[in-house]
Structures are given as C-alpha cells and as structure tokens.
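Me: Could you take a close look at the largest pocket for me? I'd like to know how much space lies in it and what lines it.

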Amino acid sequence: MVLFVLERVSRHSVAESWRRLTDWPRHADVVPLTRVTVRTPPPTREGTVFVARSGLGPLAFDDPMEVVAWRPPVDGGPGTCRLVKRGTFVTGWAEFEVRPTDGGGCGSRVVWREDLSVRGLPGFTDRPLGWSARWMFGRAMDGLLGLG
C-alpha cells in the first residue's frame, strides 16, 4: 500500500481547476496508454462510475472508480471529491481538494491524496510503486491543470 499527497498551484480559478480535474475522459490525455470511459449518465455526482483502462493488449487492466463524495466549489469556495477504486487489481482511494490560493489572489491550490495498492505485489515494491505513482499522478495533475 502506498499513501501519497501532491500539491499544485494553478493559475486557473477554483471552478476552472475543478472542471479540468473532473473531466474524467480528459485524464486519458495525460496518462499514457490509458482511455477513460464514464459508465453512468452525466452530470458527475456521488455514484458516478468510470473506468480507466491502461496498458496494451493482454497487458491492459481496468481501474474502475466510483465517486463517493462530491462537493463542487460554490462561489469560489473550496470543492472536494473522493473516489474509491473498485477493481480487482488496483485498489484504494483518491481524493482531491481545490481551494482559493492563500492571500486571496488569482488561481487555486489543488491537494491530491491517494492510497494505492496493487494486488499481488509484495511489500518490498511499495517504495518504487510510491515513486512511480507520485511521478505519474504529478505529471497528470500538471497536464490537467495546464502546468506542464
């Protein structure tokens, strides 16, 4: 199991950063060899289910996720979303919070927390899994928020 926290400051408003992070199919644009399919009708809310399919051919796997907490930002205030990974291979949860930057300036601050586990991997792989997950999710956040 790997637990990590990532933080980014975006030039975008809270609402725009939220929109970019919760456009689930767009995550496929920033995660290599991945496509995302939303299985429930819009709009996103608690109970929304989407699947990220990653890999090539027989080495691909599904990472189904369900939105279990959905509090979009209102009037520039903070917003939070929590996902639970419902797969048989990748398990855990992810949550992110988008809030105004400190000092009331333009932009927003995003905090992403994730508890990630890959079934079948022995404990000694936790450290390299953590490094690669932080790199991959950091790169995805940068891409989604237009920071790269």
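Reply: Here is a walk around the largest pocket.

First, the ground rules: this is a predicted model, where local features need pLDDT of at least 70, side-chain atom pairs count only at pLDDT 80 or more, and totals for chains, interfaces and linings use all residues. Residues are numbered from 1 along each chain as its sequence is written, and side-chain values use heavy atoms, with hydrogens and water left out.

The largest pocket holds about 630 Å³ of space. A pocket here is an open set of points on a 1 Å grid over the protein atoms alone, where a 1.4 Å probe fits, with protein on both sides within 12 Å along at least five of seven lines; lining residues have an atom within 4 Å of a point. The volume is the space filled by probe spheres set on the points, which are joined across faces, edges and corners.

Lining this pocket are 30 residues, and Val 31, Asp 63, Lys 85, Met 136 and Phe 137 sit closest to its centre. As for class, 22 of the lining residues are nonpolar, 5 polar and 3 charged. (Nonpolar is Ala, Val, Leu, Ile, Met, Phe, Trp, Tyr, Cys and Pro; charged is Asp, Glu, Lys and Arg; the others, Gly among them, are polar.)

Now the elements: α2 (126-145) is among those that supply at least two lining residues each, along with β2 (34-38), β3 (49-54), β4 (61-71), β5 (79-86), β6 (90-100) and β7 (108-118). The biggest contributor is α2, with 8 residues. Helices (H or I, at least four residues) and strands (E, at least two) are DSSP runs, numbered from the N terminus.

Between β2 and β3, the loop holds Pro 43, and a cis peptide bond joins Pro 42 to Pro 43, with omega about 0°.
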